[in-house]
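Student: Could you take me closely through one strand and what surrounds it? I'd like the cut-offs behind each term as you go.

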Amino acid sequence: MSFLGYRRQNGSVGARNYIGIISTVGCANDVTWRISQQVKGSIPFIHGQGCAQTQPDLDIVTRTLISLGWNPNLAGALLVSLGCESVSADKIAQGIAESGKPVEKIVIQKVGGVTSAVAQGSVLAQAMTIEASRIEREAFPESELVVGVKCGASDSTSGLLSNPATGAACDLVIDNGGTCIFGETTEFMGAEHILARRAATPQVANKIMDIVARMERRATAMGFDMRGGQPTGGNIAGGLTTIEEKSLGAIAKGGTKTIKGVYEYGERPQGKGLFIVDSPGRELEFLTVLAAAGVQVIIFSTGLGASPGFPFVPVIAVTGNPITYERLTDHLDVFVELTEEAATGIARAGKALYQEALAVASGKQTKAETMGYGNFPNIFTIGPVI
Amino acid sequence: MAICSVSWLHCKMTKRDESIPEEVIELKQKAVILNSRDNVATSLANLKAGDTLELEVGGETRAIKLTTDVPFGHKFSLSRIEPDSPVIKYGEVIGIATVIIEPGDYVHIHNVVSTRGRGDLSGGVK
């Protein structure tokens with residue numbers, strides 16, 4: 001078995017072939033957006049960060065933007081900078097260029113404002129997309145597959161069906177030599193001891209416990225019961241009573257294999273196998289961290305029907321809730337059947353999801369992609385805006 | 001696209017093609033217990049007060065009569081759970097009972113609290 005992808009200079013394999021138009025700061029978003037609308041084959045990454053933050057957050061934003069530029073679904077990147085932001089556009093450009101991809105930069109304050117920036121940026125992006133369009137898909141082994149997994153708008157069917165099915169697909173990715181990445185640290189609370197038992201080394205086990213403790217301290221620092229925020233009102237309406245219950249269902253999507261490493265937000269996991277990236281589970285920030293980790297395709301498990309996509313990474317939405325599947329047919333790609341023999345049904349759904357991931361990696365469009373749903377992601381930060 | 005042909009969920013399936021009967025399919029099983037250590041079950045239908053469920057608990061089949069309605073995907077108790085005692089699902093602690101929970105009682109946020117992320121108890125950081 002193989003899939004058809006785009007070969008990148010650094011040896012990675014893309015499932016899509018976009019030129020990323022990437023804002024270095026929220027103030028550049030409008031220009032980024034307009035260039036992306038002007039130039040076919042380009043795709044925007046806009047966000048609300050990059051300025052008036054403390055150094056730890058500026059470091060997170062910088063490394064995340066660099067890692068997004070490294071994502072194999074991008075053939076190259078055009079950075080859009082305002083010019084006076086706290087992060088360094090030059091440093092980000094340099095970091096992306098180390099991937100071997102073409103990188104260009106436009107600075108709004110230098111080129112004479114929005115109109116000039118959109119015009120000049122569009123010309124740059126146009127040349128880059130034409131160059132990228134010459135790259136043809138070629139066959140790669142399944143071991144080159146890098147899949148991210150995520151759950152959102154969970155209800156009880158998530159823990160019973162769609163998360164275990166996603167986990168079965170994740171296990172198949174690993175069995176075939178590929179890479180699977182999960183996270184959503186908040187949703188490890190109450191289940192972290194189970195994940196720690198699957199760690200490759202005591203250091204990895206300790207890191208799992210540490211990132212959960214760190215996330216819990218951030219939540220409790222506010223002086224409130226987390227319930228209502230996590231689990232969400234929708235989770236509670238769907239039957240989930242506590243974060244512990246949500247977590248025990250959520251970790252099923254990471255499968256059963258050995259966890260080889262735990263990475264900070266925006267870092268790129270090295271090697272093949274199963275990895276954790278530290279991030280809260282909210283869609284806007286979590287889909288970004290998966291893209292930054294280098295995934296080609298995301299499997300998104302949902303109960304109530306959250307299925308936003310991501311600008312340059314196709315998102316396969318899967319549910320085990322038949323009512324949601326009927327109601328949101330234009331959002332959901334795969335339905336997991338609940339059969340009398342639950343284990344058999346989940347194994348079968350896992351295979352179907354894995355096949356779907358290969359098909360999507362080869363170019364099949366997901367529903368979120370065709371709808372252009374998911375243009376407004378964000379980057380996770382830990383400190384205040386100052 | 002993977003689509004179910006027949007679901008045993010209690011739901012009305014919209015007719016998608018001729019092979020799928022358009023009807024309400026009755027579940028054989030109305031609830032599921034995920035681990036033998038669990039003291040709660042998850043409903044697989046909108047269950048009503050007074051419904052009696054035959055469930056396998058710890059290797060033996062027991063009849064649990066519901067004291068209240070339990071919506072699809074929500075939980076009910078399999079045994080008496082004392083206040084401050086653990087509520088167990090997936091074989092793991094999912095929270096602590098705040099009142100006496102009798103067998104067949106609906107189990108949710110009105111009688112179970114979390115032990116995690118409780119900034120209200122720790123007082124937070126000023």
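Tutor: Happily! From strand S12 of chain A, A:Val297, A:Ile299 and A:Ser301 point one way, while A:Ile298, A:Phe300 and A:Thr302 point the other way, and all are buried. Buried here means that 20 or more other C-beta atoms lie within 10 Å of the residue's own, exposed means 12 or fewer, and partly exposed is in between, with C-beta atoms placed from the backbone. The strand spans residues 297–302 and is mostly covered, six of its six residues being buried. Helices (H or I, at least four residues) and strands (E, at least two) are DSSP runs, numbered from the N terminus.

Please keep in mind that this is a predicted model: local features need pLDDT of at least 70 and side-chain atom pairs count only at pLDDT 80 or more, whereas totals for chains, interfaces and linings use all residues. Residues are numbered from 1 along each chain as its sequence is written, and chains are lettered from A and ligands numbered from 1 in the order in which they are written.

Now for the neighbours of S12(A) in chain A. S12(A) pairs with S8(A) in the parallel sense over six bridges; two strands count as paired if DSSP finds at least two bridges between them. S12(A) also pairs with strand S13 (residues 315–319) of chain A, again in the parallel sense, over five bridges. A:Ile299 is a handy landmark: A:Val149 stands opposite A:Ile299, and A:Ile299 stands opposite A:Ile316 in S13(A).

Follow S8(A) onward and you reach A:Ala153, which sits in the loop between strand S8 (146–152) and H6 of chain A. The phi of A:Ala153 is near 45°, a positive value in a residue other than glycine. A:Ala153 counts as buried because 21 other C-beta atoms lie within 10 Å.

Beyond that loop comes helix H6 of chain A, residues 156–175. Its 20 residues reach 28 Å from first C-alpha to last, close to the 28 Å expected at 1.5 Å a residue, where the expected span is 1.5 Å times one less than the number of residues. H6(A) has a kink of about 35° at A:Ser162, shortly before the proline A:Pro164; the bend at a residue is the angle between axes fitted to the seven residues ending there and the seven starting there. Of the 20 residues of H6(A), 17 are buried, so the helix is largely enclosed by the rest of the structure. After H6(A) comes A:Gly177, whose phi is positive, near 90°.

Two other backbone details in this chain may interest you. The peptide bond from A:Gln230 to A:Pro231 is cis, with omega near -10°. A:Pro231 belongs to the loop between helix H8 (202–220) and helix H9 (233–237) of chain A.

For a contrast in chain B, look at B:Asp84, in the loop between S5 and strand S6 (86–89) of that chain. The phi of B:Asp84 is near 70°, a positive value in a residue other than glycine. B:Asp84 has 10 other C-beta atoms within 10 Å, so B:Asp84 is exposed, whereas A:Ala153 is buried.
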